[in-house]
Amino acid sequence: VTLAEAPLVLILIGLAAYAVLGGADFGAAFWQFGARGERGAALREHAYRAMGPVWEANHVWLVFVLVVCWTAYPQAFASIFSTLSVPLFIAAIGIILRGTAYAVHAGTAREIERRAIDGVFSISSLLTPFALGTAVGAIASGRVPIGNAAGDPLTSWLNPTSLLVGTLAVATGAYVAAVYLAGDAARAGLDDLAAAFRIRALGAGVVTGAIAFAGLAVVAYDADRLGDNLLAWPAVAAIAASAAAGLATLELVRRSRFEAARYGASAAVAAVVAGWALAQRPELLPGLTVEEAAAGRPVLIATIAGVALGAVILIPSLALLFGLVLHGRFDEQAAARSSDRATFAPRRPRLSLLPMAAVAGAVGLPLTLVFDGGPFLAFGVLALLTFVALASVALGATAAESDGRRKRL
Amino acid sequence: LIWFLLAAAPFAPVDQEYVFEARQMQALSFAVHIPLVCFGIAFPAFVLFMEALWLRTGDPVYRTIAKRWSRVMLALFAIGVVTGTILSFELGLLWPSFMATFGEVFGLGFTLEAFSFFVEAIFIAVYVYGWDRLSPRAHFLSGIPVAIAGFTGSLTVISVNAWMNHPSGFTLGEGRVTDVRPLDALFGNHFLWHEVIHMYVAAYIVAGFLTAAVYAWDWLRGRRGRYERVALVVPLTVAALAAPVQIVVGDWAAREVAREQPTKLAAFEGLHETEKGAPVHLLGWYDGDEVRYGIPLPRLLSLLAFHDPKARVAGLEEVPADERPPVNVVRVAFQTMVGIGFVLAGISAVYLFVWLRRRRLPRSPWFYRAVVAAGPLSVVALIAGWVTTEVGRQPWVVYGHMRTEAAVTGASGIPVGYATLVLVYAGLLLAVAWILRRLARAPLDVQPGPSGVAPLIAGAARPNAEREER
């Protein structure tokens, strides 16, 4: 991996994470789509409860992919987004619908409302993964030329390879979601839901695998270069790994070993992303190798350093969140264990911060007004912000604690 | 030969009929997203403040408020996530030539922002789903990264906007950038700081007044219990302290604009000719030569922009007509922002004066009506402020380097996309209104603190309240 390729590796990691985690979110919506009746309501509710704490973080992977792409490979990013504006816009609309579904769900009270909302918003479970899949298919089959909207606005993404990858994306999401939701249900002791999602996971797994293998033939017919490369070393190793992980996962699901299946399903999806990248190497777009597309050296170094720095914060944070979720700390029953044993040492509000706030304000105001730059201005602005913070705490706390209460008693 | 020319300049300006619609679409997306950003920045601090009061006093009312607000925070964050994602899509969908040419210069800002976004998304989930499941201390601590990420996220995004307004850190030749220094471009840019602080303070004003407006409305409707009172005074206090400070920060911002973007400053006022001792006109209309029907305040522009009543202020005539922004849009937006800013500061002054002198809230219903109005007005000021700076940047997308029409996509269908987005966002706003109404109507459950400690009636202001009753 050269310096020019390093950001691409980051993008692929992000893409794999989004395909697995974001895909699982859209897949959860896919299962909510058709569910009716009392059992359907339980199923839909379970999907919200399981995905609720993690879906936002899962969606950030997509943003991560976009920003690293436009920083490190700006011409490729611009070519992709201008040629594929239609499917990408459709994907964006689907994302709005999905986020709104979560927000609105917070306010729903009655089953009939929930069903109506899920009916509308579950459309996104088809739109977004399908549209993003067609975009991936367009890139993989070499239909995005360099330039501002230089490719065909329709056939670039309405072609056999794109349609295949789009369908595969929907199926994959549904499959991964079923595995995850089965695991979450089993952990929470919801055995009938676990059974329901187990069946769905098995069905979706078989269908996804079938589409993937039929897809190899489609790709060989439609994009022969990609097809050849997929079946040649080194991409074929990734494809084989994906197939093996997929089969192993099916067996794990059949035995209801959902926690292990979680990782198997994720690996199967990630391996497909890796296979695509290996098959397409070294070209990013036709006539544009990764080396040519890459931004200048200082930018690449800054991007990699920035991501490394971010990862130091991100990895423990993600571990915390998924640790809490996978240990069932956010499950319904966990509330009973509750926050308990809180020992309060009620204290009076500290000696008023107001005099300190006043000093900060008195220092900050003239400095900010007089200086046009430099350390004095910076100090003045900081002093003003300190004034707002301290005075807010002091006045806010005393105002909240004071009067009002006595009159009402 | 044609192939060669295309290959040589794949992102040369294209003929796009709908540049204006593309700008409108981008502006709409910002206008929907930016009020949500305010809640992303300021609301976690409000919620944490309430939780801190609960932890300190054991009074369950604070816990109830914090818990209810955190649900609102989560719902608004969900909408913020998706509307923010749309903005990053639109950068590529609408402005590919801008991205192709300059993406590597400012991209680092967004790369760092992605991590703020991650931290926000992760800890907001831990915080909101962690109620009753984490220890009170761990729960409180889990909210702190959300508040910090709100600041770092806006810092990194605004570093990109500041760079667009005051670009540096690269060399441009034949449509390609070379010698890119991303850290200099983003964080070595002194134009960044007033933008960040102005927006950060605005976030507290908007979130504060909008939240206070809800409970001021309750007060007017006769719901004046302790719950409503606490939920009113905390955000109102923050907003009331931030609003006057914003005027000082705004003055600093205007001086920066005067120095670095004189044409934009001239558009604020509608100053056509360069002059010494330039005036400010309140209201009125710029007719292409001068401001008509305005109330002139002599020498004020020179005084405000350069702190010297005789200072020379550059007029619009300094640049060719096709390099001037649409003056009236900028001017009206600027005056709207400043006007509302002073109204908000006035409301704040009344509140702070009554509180500091009498240790109570104002009693006139007019005060509460004003607070109800201040909520939406603060949003109008926020959007007017962004119109001022972004329309004032026109016709440039990268000030002085790339014109907006050179940045636009060559793809067709912008009007279709725009119409679709309008419909989707209209539905989104209805959905948000519906959720907030639902969440507000949910029955109050003022639970006792887990330890069962009786609420402590304490506070520095307590003796005053008793005195007042006597």
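Me: Taking a salt bridge as a side-chain nitrogen of Lys or Arg within 4 Å of a carboxyl oxygen of Asp or Glu, how many does a search of the whole structure find?

Reply: The search gives 24 salt bridges, counted over all chains. Please keep in mind that this is a predicted model, where local features need pLDDT of at least 70, side-chain atom pairs count only at pLDDT 80 or more, and totals for chains, interfaces and linings use all residues; side-chain values use heavy atoms, with hydrogens and water left out. Residues are numbered from 1 along each chain as its sequence is written, while chains are lettered from A and ligands numbered from 1 in the order in which they are written.

Me: Which residue does Arg143(A) pair with?

Reply: Arg143(A) has Asp222(A) as its salt-bridge partner, with 2.9 Å between the closest N and O atoms. Arg143(A) sits in the loop between α7 (123–140) and α8 of chain A and Asp222(A) in helix α9 (residues 191–222), so the bridge ties together parts 79 residues apart in sequence. Helices here are DSSP runs (H or I, at least four residues), as are strands (E, at least two), numbered from the N terminus.

Me: Is Arg143(A) buried or exposed?

Reply: In between: Arg143(A) is partly exposed, at a relative accessible area of 24%. The cut-offs are under 20% for buried and over 50% for exposed, with partly exposed in between (1.4 Å probe, protein chains only).

Me: And what does Glu283(A) form a salt bridge with?

Reply: That one is Arg225(A), where the closest N and O atoms are 3.8 Å apart. Glu283(A) belongs to strand β1 (residues 283–285) of chain A and Arg225(A) to helix α10 (residues 224–230), so this pair ties together parts 58 residues apart in sequence. Glu283(A) is partly exposed at 28% relative accessible area, and Arg225(A) is partly exposed at 47%.

Me: Where do Glu259(A) and Arg262(A) lie?

Reply: Both are in helix α12 (residues 258–280) of chain A, three residues apart, or about one turn of the helix. An α-helix has 3.6 residues a turn, so residues three or four places apart point the same way. Their side chains meet in a salt bridge of 3.2 Å, N to O. Glu259(A) counts as partly exposed at 34% relative accessibility, whereas Arg262(A) counts as buried at 7%. Salt bridges with shared partners join these two with Asp184(A) and Arg187(A) into one network.

Me: Switching to α8(A): how many of its residues are buried?

Reply: 22 of the 28, so α8(A) is largely enclosed by the rest of the structure.

Me: What span should that helix have?

Reply: The 28 residues of α8 (residues 160–187) should span 40 Å at 1.5 Å a residue, and the end C-alpha atoms are 41 Å apart, which agrees. The expected span is 1.5 Å times one less than the number of residues.

Me: What caps its N-terminal end?

Reply: Asn159(A) does, through a side-chain oxygen 3.1 Å from the backbone nitrogen of Thr161(A). Just after the helix, Gly189(A) has a positive phi of about 75°.

Me: Which residues other than glycine have a positive phi?

Reply: Ala149(A) is one of them, with phi of about 50°, and it lies in the loop between α7 and α8 of chain A. Ser256(A) is another, at about 60°, in the loop between α11 and α12 of chain A.

Me: Where are there cis peptide bonds?

Reply: One joins Trp233(A) and Pro234(A), with omega of about 5°. Another joins Arg281(A) and Pro282(A), again with omega of about 5°. Pro234(A) is in the loop between α10 and α11 (235–254) of chain A, and Pro282(A) is in the loop between α12 and β1.

Me: How many disulfides does the search find?

Reply: Zero over all chains, taking a disulfide as two cysteine sulfur atoms within 2.5 Å. Among the cysteines, Cys69(A) counts as buried at 14% relative accessibility, and Cys38(B) is buried at 0%.

Me: Last one: what are the overall numbers for chain A?

Reply: Chain A has 18 helices and two strands. Its C-alpha atoms fill a box of roughly 80 × 60 × 35 Å along the principal axes. Of its 409 residues, 57% are buried.

Key: A polar contact is a pair of N or O atoms within 3.5 Å; within protein, one must be able to donate a hydrogen and the other to accept it, and residues adjacent in sequence count only if both atoms are side-chain atoms.
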